[in-house]
Amino acid sequence: MQKKLLSGLFWVLLANLLVKPFWILGIEVGVQNAVGNEAYGFYAALFSFCYIFNILLDLGITNYNTRNIAQHPQLITKHLSGILGIKLCLLGLYVVVTFTVGMLMGYGSEEFRLLALLTLCQFLNSLILYLRSNFEGLLLFRWDSLFSVLDRILMILICGLLLWGPKFSAFNSHFSIYHFVYAQLVAYGLTALLALAVIGRKARLRRIRFDRPFFAMVLKQSAPFALLVLLMASYNRVDPILLRSLVGDTEAGIYAGAFRLLDALTMVAYLVSVPLLPIYARLCHEDRSQVAGITRLVLLPMMLFAVGAAVALHLMAEPAMQLLYSERATDYVPVFRVIVFGIIPISLTYIFGTLLTAGGYLRQLNLFAVSSLVLNVAVNLMLIPHLGAVGSAWASLAAQGLMAATQLVLAIRLFHLPAATFRPPSLDDLRHLRTILK
């Protein structure tokens, strides 16, 4: 199982580390520089709004499916045809809820125009994540790696041409946030079609089923996963929404700009969790004695990366922001110096939260997430009027810290992780790792 984990990590990390840093630090930064902080803050706030309600497109099905297919791979054909039917039904629910809440929040025609495009983007992205969960559950990590970056590759090509292509020089001068969203629509659509073709062939998909008893069974079992995703999305994405409501688009844009580099850093921790979930799920089902060994294999390298990156970037915050942004780069520095330390608790969450999810401890995780969300909102409301985006950075760090600490303590207690799990590897461990790699 350790060999499968290392193979999965290799392919997922290789694909994503070659593509996503350029997407986040090249294309997204280029777009923000092209449209300005106010326009990008407008987009970031609406994107966060859509992202919070994204759970209605999934209702925890993706995480449930990864765990379920990893433990029962023979169910892939039945579940794929039935869950695709559920996803189409959930699209209608998502559109109704997001537009209704938008009306209650007083959104106007400009907000709804962008909101309509973003809801379709979110549906296609959710469909891709569900299709990838089938590859992950079957431990087909090479296919999962390809579809984890294909949408970004397509967006890089499209946005790169629009922003910097010489043949589009007349178009560059009026690049708007809508061109960025249209590029996402095209890339997500093509990726979803290709992923469906591949997994459909492997699962011998014949048709999409609309089976009410199956719908009810899946939604009942995935409900705890849905609540967890909703709560975590809320405490991770509520900051730009509160900033826009309390102090305006510009502060929301500054926060989004400072958060972007943290988002790029957390990509490493997220990618580690992708093969971890199905592997932890299979071990929890078959052999819990290997959990400590798998955890030790990823924990120390992850912590060395997280702590090293946080300290180095805190000290180099000013040159890092000046390198990325052409407009008022110094405005991002105090926000980034705080928020960059979030990489440490987020990395712990991706390890121990994944373990607890695989083990089925959803009730405890949901309680932790509720506490983190309450803390985040409370600190935001106290600090935003006085500190603006810096206050949101402190709120985010507090919420992430609480979530990581509670998950770590619970994982140690439930899985009886020995102290050796948290010690550096010995020479024997390194020899064992070399044997696995062979």
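**Exercise 1. The second largest cavity**

Determine how the lining of the second largest cavity divides by class in this predicted model.

Solution.
- Begin with the classes. The lining has four nonpolar, three polar and no charged residues.
- Name the residues. Leu-262, Ile-339, Gly-342, Ile-346, Ser-396, Leu-397 and Gln-400 line this cavity.
- Assign the classes. Leu and Ile count as nonpolar, while Gly counts as polar.
- Find the main contributor. Helix 16, residues 389–415, gives the most to the lining, with three residues.
- Add the volume. The second largest cavity has a volume of about 30 Å³.
- Set it in context. There are two cavities of 30 Å³ or more.

**Exercise 2. The second largest pocket**

Identify the element that gives the most to the lining of the second largest pocket, and describe the classes of the lining residues.

Solution.
- List the lining. It includes Leu-84, Lys-87 and Leu-88, along with Phe-123, Leu-124 and Leu-127. Gly-189, Ala-192, Leu-193, Leu-196, Leu-205 and Ile-208 also line this pocket.
- Map the residues to elements. Helix 4 (76–104), helix 5 and helix 8 (177–202) each give two or more residues to the lining.
- Pick the main contributor. Helix 8 gives the most, with four residues.
- Sort by class. Ten residues are nonpolar, one is polar and one is charged.
- Assign the exceptions. Lys counts as charged and Gly as polar.
- Finish with the volume, which is about 190 Å³.

**Exercise 3. The span of helix 4**

Test whether the end-to-end distance of helix 4 agrees with the span expected at 1.5 Å a residue.

Solution.
- Count the residues. Helix 4 has 29.
- Take the expected span. It is 42 Å.
- Compare with the model. The end C-alpha atoms are 41 Å apart, so the two values agree.
- Look past the helix. Gly-106 follows helix 4 and has a positive phi, near 85 degrees.

**Exercise 4. The buried side of helix 12**

Decide where the buried residues of helix 12 sit around its axis.

Solution.
- Collect the buried residues. In helix 12, residues 317–324, they are Ala-317, Ala-320, Met-321 and Leu-324.
- Use the arc. They cover only 95 degrees around the axis, so they lie on the same side of helix 12.

**Exercise 5. Three residues compared with the cut-offs**

Classify Glu-111, Ser-372 and His-416 as buried or exposed.

Solution.
- Recall the limits. Buried means under 20% relative accessible area, and exposed means over 50%.
- Take Glu-111. Its relative accessible area is 15%, so Glu-111 is buried. Glu-111 lies in helix 5, residues 109–137. Leaving aside neighbours within four places in sequence, Glu-111 is in contact with Phe-42, Leu-46 and Arg-244.
- Take Ser-372. Its relative accessibility is 0%, so Ser-372 counts as buried. Ser-372 lies in helix 15, residues 362–387. Not counting residues up to four places away in sequence, Ser-372 touches Tyr-235, Ala-399, Leu-402 and Met-403.
- Take His-416. Its relative accessible area is 65%, so His-416 is exposed. His-416 lies in the loop between helix 16 and helix 17 (427–437). His-416 is not a glycine, yet its phi is positive, about 50 degrees.

**Exercise 6. The whole protein**

State how many helices and strands the protein has, and what share of its residues is buried.

Solution.
- Count the elements. There are 17 helices and zero strands.
- Give the buried share. Of the 438 residues, 57% are buried.
- Check the contacts. Among contacts with a separation of 6 or more, 86% join residues 24 or more positions apart.

Note on methods:
Residues numbered from 1 in each chain as written. Predicted model: local features only at pLDDT ≥ 70, side-chain atom pairs only at ≥ 80, totals over all residues. Heavy atoms only, no water. Buried < 20%, exposed > 50% of the residue type's maximum accessible area, 1.4 Å probe, protein only. Contact = heavy atoms within 4.5 Å. 1 Å grid on protein atoms, 1.4 Å probe; cavity = no way out; pocket = protein on both sides within 12 Å on 5 of 7 lines; lining within 4 Å. Points joined across faces, edges and corners; volume = space filled by probe spheres on them. Expected span 1.5 Å × (residues − 1). Arc of directions from axis to C-beta.
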